[in-house]
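Hi,

Here is the structure I promised to pass along. Have a look at it first, and my notes follow underneath.

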Amino acid sequence: REYQTSYGSYILAECVTESLILILIAVFLLCVQTPRKKYLYFLANISALIFLTRPAGAYVGAIFAAGICFLTFKCFKKYWLPSLFSIGLASAIALWVPVYSYIQTGYFSVSGMSNVQALGFAIQFAEKSDRDLMPTASSREFLDMAVDARNKAELSTIDTSNRDEVPVYEFLTRNIYVIGLPIAKKIGGTNSRQLIKQFNSIILKKYRAKHIKIAWTSFVASLENIRPKGGKLYLSFVMAAVCFAVFGRNKNAYIAFVMVGTQLTGLLLMNIWGMPSSRYINALNIFGLLPICFIFLSFKRMVATRFSAWETWSWRR
């Protein structure tokens, strides 16, 4: 069996993960303000620990990558080898558990929940005509029962002729927790997760375009629930961070850009894996206020620089 188990059996790790994320941000700020090779190794270790604590926190790899980019652009000859070593270090720490699990059981999984989350997408797309794609009798039985249960739930809750346009928030929760899992456990028993993985891989491969479309729709909808509040306002905020990073060319602008990019990366990954619940989105709000502070500092520095240049020009005249 995979090394991750059901959330119902364990204490959730959000508090530990967010504490590690705060430490990671602090080390990243040190890395940008006072570049040192040792900060790359700290970033690698903390990022890997976050992943081991909660695989859904894989998006923090964006901060680690930003630290590598900053140092290698600053001095490629000095930092390219430490950067490669830090990547190898992070990979070794993060993947040793699933690799050990594979050696012992023949099953490789970086997260026991990823296939369960993706099941909502797969059931939403599957049709009875897809049963010929299923390689085993149990997978064909699962498809038949899941499609029947989905159609019954759809008729009783949502009046629509096009499932692809149904808001993700209204449908995926039912798919994942009410429709899919009980059927998989009934048919697959102790092998239910392997059955789900097999079903997902076949269906999502066939309906990849639909998966991307629904994930993007869910991502756009999720923007309304992160901080700063409001999808359009947030996109304006993102553009401000990008402009300051590109034209301001200072460390504060770069930090703001990285924080915004990390938040959006996390939100996008959550919507690709499955419908993000409110607690997942709230976990990303740790990045919400930091970019505002650093954009302000960047703007203040730019204005001060321009004003100083104007004063010098006026005095010389």
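There is a nonpolar patch on the surface of this predicted model, made up of Phe-76, Trp-80, Leu-81, Leu-84 and Ile-87. Together these five side chains come to about 520 Å² of accessible area. If you want one residue to click on, try Leu-81, which sits in helix α4, the stretch covering residues 76–105. Leu-81 has a relative accessible area of 52%, and since anything over 50% goes down as exposed, that is how Leu-81 is classed.

Next, the charged pairs. Side chains of opposite charge can pair when their charged atoms come close. How many salt bridges are there in the model? The count comes to four, and here are some notes on a few of them.

Let me start with Glu-127 and Arg-150, which form a salt bridge with their closest N and O atoms 3.7 Å apart. That is within the 4 Å cut-off, so the pair counts. The two residues come from distant parts of the chain, 23 residues apart: Glu-127 is in the loop between α5 (114–125) and α6 (137–157), while Arg-150 is in helix α6 itself. Glu-127 is partly exposed at 31% relative accessible area, whereas Arg-150 is buried at 1%.

Right beside Glu-127 in the numbering you will find Lys-128, whose side chain meets that of Asp-148 in a salt bridge of 3.0 Å, N to O. This pair also links distant parts of the chain, with Lys-128 in the loop between α5 and α6 and Asp-148 in helix α6, 20 residues apart. Are these two buried or exposed? Neither label fits: Lys-128 is partly exposed, with a relative accessible area of 36%, and Asp-148 also counts as partly exposed, at 41%.

Then there is Asp-130, paired with Lys-206 in a salt bridge of 2.4 Å, N to O. Asp-130 lies in the loop between α5 and α6, and Lys-206 belongs to helix α8 (residues 192–206), so to get from one to the other you cover 76 residues of chain. Asp-130 has a relative accessible area of 0%, which means it is buried, while Lys-206 is partly exposed at 46%.

If you only have a minute, look at the loop between α5 and α6: Glu-127 is found there, as is Lys-128, and so is Asp-130.

Cheers

Key: Residues numbered from 1 in each chain as written. Predicted model: local features only at pLDDT ≥ 70, side-chain atom pairs only at ≥ 80, totals over all residues. Heavy atoms only, no water. Patch = residues over 30% accessible without salt bridge, like charges linked within 9 Å, V, L, I, M, F, W, Y side chains within 5 Å. Areas by Shrake-Rupley, 256 points an atom, 1.4 Å probe, with all protein chains shown as cover. Helix = DSSP H or I, 4+ residues; strand = E, 2+ residues; numbered from the N terminus. Buried < 20%, exposed > 50% of the residue type's maximum accessible area, 1.4 Å probe, protein only.
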